[in-house]
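Please open the model in a viewer and keep the selection panel at hand. The tour below proceeds stop by stop, stating what to select and what is found there.

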Amino acid sequence: MSKIQPLNPERIAQMAAGEVIDSLGAALRELLENALDAQATRIQVEIWPSRWQVRVADNGQGIPASELEQVARRHTTSKLDGCSLGFRGEALHSLARLGSLTIQTRHADDAHGWLATYDRQGELAHQQPAATALGTVVTVADLFADWPLRRCSLPQTRPLLTLVQNAALAHPWVSWQVRQEGQLLLSLWPGQSLQDLLLQVLPQVDLSDLRYQRIQEGDSDWEVVLGLPDRLHRPRPDWIRVAVNGRFVQMPEWQRLIQSVFQHTLPRHRYPLVVVHLRLPPEQVDWNRHPAKSELYLQDPEIRQEQLRQHLHALLQSGSEQASRRSLHLIRASEAKSVYRVTSSPKSPDPAPSGQPSTPLPPLKALAQLYRTYILAEHPQGLWLVEQHLAHERVRYEYIQRHWQPVELQMPVMLEGLSSQAVEQLEQLGLEPEPFGPNTYLMRRLPLALWSEDPEEVQGSLRELSRCADLEAAQVAVACRGALRNGIPLTLEQMQQLLEAWQRTANPHTCPHGRPVYLALAEKDLARYFRRRWGICDRPISEPKLGSWWELEPLGDRFAAQVRRSSSASAPDPKDETRSAPL
């Protein structure tokens with residue numbers, strides 16, 4: 001007898017069901033997608049983790065009574081048009097095999113509703129009339145009763161809520177309610193866009209903290225929401241989320257791309273808030289990659305990634321421009337001084353019109369330098385402590401990015417002792433070193449941002465570039481190398497110029513390495529610390545006149561004297577209880 005035997009159909013069906021439904025969350029996911037495919041606009045979810053039970057009610061199209069008999073059979077589906085979330089026809093059949101499946105539904109063509117129960121093979125066990133509204137209520141109870149190893153621990157509530165939140169973000173026109181053991185956990189009302197639902201899912205986020213854009217490019221439709229990096233960032237990448245055609249999926253390449261776009265705008269070890277929804281024609285998406293439909297194959301993935309990169313950069317640029325416009329309301333009238341300018345390159349300053357800076361300057365006033373490292377600056381809302389090296393590094397980095405175009409040198413620069421790897425790296429950066437003897441090379445072209453009259457400075461910058469992995473790392477390294485060092489004393493005028501140059505940058509909140517540039521101390525925090533309950537008056541206080549009470553005698557003595565004179569002038573009658581006793 002052969003040792004290789006074919007699996008029986010019952011075992012095959014159990015294996016398939018276990019792949020599709022591996023948790024209570026998977027059961028909820030399938031029921032939510034069925035409700036959305038039924039064109040529901042209101043979905044209610046009830047979960048009982050202790051009983052391994054979930055119920056999803058919707059106001060969708062409902063199931064006709066004539067189709068209830070086959071609705072839970074394997075590989076039967078009504079979703080063959082390619083525009084729905086389901087496509088395998090295994091969800092209800094798998095739920096029937098792994099638990100107790102009950103469906104209560106009413107279709108518009110039926111006079112009344114129906115209640116149907118199913119056995120473990122997905123066959124209709126019982127059907128009876130039932131009073132119900134248009135739509136469907138699906139209940140799955142006693143899930144994994146015959147699979148005890150999947151019940152090692154009770155289901156957690158947070159992943160279930162995340163499922164509903166993701167479904168709501170991808171389908172903002174639907175209202176949602178989630179209850180656990182009868183207690184309301186989540187309630188979301190319909191919105192017009194992904195941004196509307198995000199503000200409900202994250203109520204602590206303000207609308208001004210977000211940037212939203214919807215773009216249609218050919219056959220693709222993009223919705224992108226991001227949090228401004230200076231206001232919103234996370235300790236984990238849990239809010240980098242990508243959806244395709246109504247379903248959130250795992251796309252590691254896209255997540256890495258998003259992180260790279262925000263790399264130099266966030267503090268170290270922090271992650272952005274970005275939600276992306278891409279809608280494509282069904283024929284460009286292949287969902288047959290993972291049983292949970294959490295992964296996919298995408299047509300032209302490189303093109304889509306480049307489109308996403310452009311959209312993110314555009315939104316970030318839009319955010320920085322709006323921040324500049326907001327600062328206009330806070331700017332005080334002041335004259336621009338240009339005695340000493342701290343630019344990204346002291347040898348080749350970025351030209352700016354005389355008289356006024358090229359962009360409006362925020363109201364920062366340099367007060368002092370602390371430890372030859374920090375600039376203490378006054379702000380209309382408090383004080384800022386700015387780290388001078390990091391601020392200048394940000395200025396230089398953005399200058400280098402704008403002036404990286406190569407220029408021809410009148411006198412070539414000679415580099416000696418370069419390894420083959422260093423030469424290859426310079427070639428990848430487009431600098432074209434020419435051999436000029438053993439381990440010696442001539443550089444006839446140089447990025448404009450690196451130009452200097454000092455040959456040793458240029459050589460040092462080129463050697464720094466030869467050790468960098470890519471262009472971005474090279475620009476960061478050069479910006480750091482030439483930035484103002486801590487320990488250098490600055491005059492008030494120099495500090496003011498540095499502050500103004502730094503505030504004009506597109507991303508002033510972090511240095512290119514992701515470190516925060518400044519520490520903000522708000523006036524309201526100072527007031528809270530000193531237990532002060534009044535605000536700062538913008539109106540100038542008049543100088544005290546000679547003879548004021550605080551110059552001649554203490555307030556308490558003068559007040560006590562006035563009270564004594566008042567008391568002696570009109571002493572109260574001890575028998576009159578209606579008058580108050582004297583002070």
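## The whole chain

Among contacts in the chain between residues at least 6 apart in sequence, 65% join residues at least 24 apart. The model is predicted. Display it as a cartoon: the chain has 15 helices and 22 strands. Colour by accessibility next; of the 583 residues, 44% count as buried.

## Stop 1: helix 2 against helix 3

Select residues 24–37, which form helix 2, together with residues 91–98, which form helix 3. Two packed helices are described by the angle between their axes and by the distance between those axes. Here the angle is about 145° and the axes lie 10 Å apart. The crossing of helix 2 and helix 3 is left-handed.

Now show side chains at the contact. Helix 2 contributes Ala27, Glu30, Leu31 and Asn34, and these meet Ala91, Leu92 and Leu95 of helix 3. By class, the residues of this contact comprise five nonpolar, one polar and one charged.

## Stop 2: from helix 2 to strand 12

Keep helix 2 displayed and add Arg247. Glu33 forms a salt bridge with Arg247, and their closest N and O atoms are 2.9 Å apart. The pair links distant parts of the chain, with Glu33 in helix 2 and Arg247 in strand 12 (residues 247–249), 214 residues apart. Are these two partners buried or exposed? Glu33 has a relative accessible area of 7%, and because buried means under 20%, Glu33 counts as buried. Arg247, at 5% relative accessibility, is buried on the same criterion.

## Stop 3: further salt bridges

The structure holds 16 salt bridges, and two more deserve a selection here.

Select Asp219 and Arg304, whose side chains meet in a salt bridge at 3.5 Å, N to O. This pair also links distant parts of the chain: Asp219 sits in the loop between strand 9 (210–217) and strand 10 (220–227), while Arg304 belongs to helix 7 (residues 301–328), 85 residues apart. Asp219 is partly exposed, with a relative accessible area of 39%, whereas Arg304, at 5%, counts as buried.

Move next to Arg279 and Glu223, where a salt bridge joins the two side chains at 3.2 Å, N to O. Arg279 lies in strand 13 (residues 274–279) and Glu223 in strand 10, so the pair ties together parts that are 56 residues apart in sequence. Both Arg279 and Glu223 are buried. To see a network, select Glu69, Arg73 and Glu123, which are joined by salt bridges that share partners.

## Stop 4: cysteines

How many disulfides does the structure hold? The structure holds zero disulfides. A disulfide is a covalent bond between the sulfur atoms of two cysteines. Select Cys511 and Cys480 and display the sulfur atoms. The cysteine sulfur nearest to that of Cys511 belongs to Cys480 and is 7.9 Å away; because a disulfide requires sulfur atoms within 2.5 Å, Cys511 is in no disulfide. Cys511 is buried, with a relative accessible area of 0%. Add Cys152 for contrast: this residue is exposed, at 67% relative accessible area.

## Stop 5: Ser466 in helix 10

Select residues 455–466, which make up helix 10 and include Ser466. Ser466 counts as buried, at 10% relative accessibility. Which residues does Ser466 touch, not counting residues up to four places away in sequence? They are Leu418, Ala422, Gln425 and Leu426. A distance label may also be placed between the C-alpha atoms of Ser466 and Gln428: they are separated by 9.7 Å, although the two residues are 38 residues apart along the chain.

## Stop 6: two loops with positive phi

Most residues other than glycine have a negative phi. The last two selections depart from that pattern.

Select Glu181, in the loop between strand 7 (175–180) and strand 8 (183–188). Glu181 is not a glycine, yet has a positive phi of about 50°. Glu181 is partly exposed, with a relative accessible area of 41%.

Finish at Tyr371, in the loop between strand 16 (365–370) and strand 17 (374–379). Tyr371, likewise not a glycine, has a positive phi of about 55°. Is Tyr371 buried or exposed? Tyr371 is exposed, because its relative accessible area of 73% is over the 50% cut-off.

How values were computed. Residues are numbered from 1 along each chain as its sequence is written. This is a predicted model: local features need pLDDT of at least 70, side-chain atom pairs count only at pLDDT 80 or more; totals for chains, interfaces and linings use all residues. Side-chain values use heavy atoms; hydrogens and water are left out. Axes are lines fitted to C-alpha atoms, for helices over the stretch in contact, and angles run from 0 to 180 degrees between N-to-C directions. Helices (H or I, at least four residues) and strands (E, at least two) are DSSP runs, numbered from the N terminus. A crossing is left-handed if the near helix is turned anticlockwise from the far one by less than a right angle, and right-handed if clockwise. Contact means heavy atoms within 4.5 Å. Ala, Val, Leu, Ile, Met, Phe, Trp, Tyr, Cys and Pro count as nonpolar, Asp, Glu, Lys and Arg as charged, and the others, Gly among them, as polar. Buried means under 20% relative accessible area, exposed over 50%, partly exposed in between (1.4 Å probe, protein chains only). A salt bridge is a side-chain nitrogen of Lys or Arg within 4 Å of a carboxyl oxygen of Asp or Glu.
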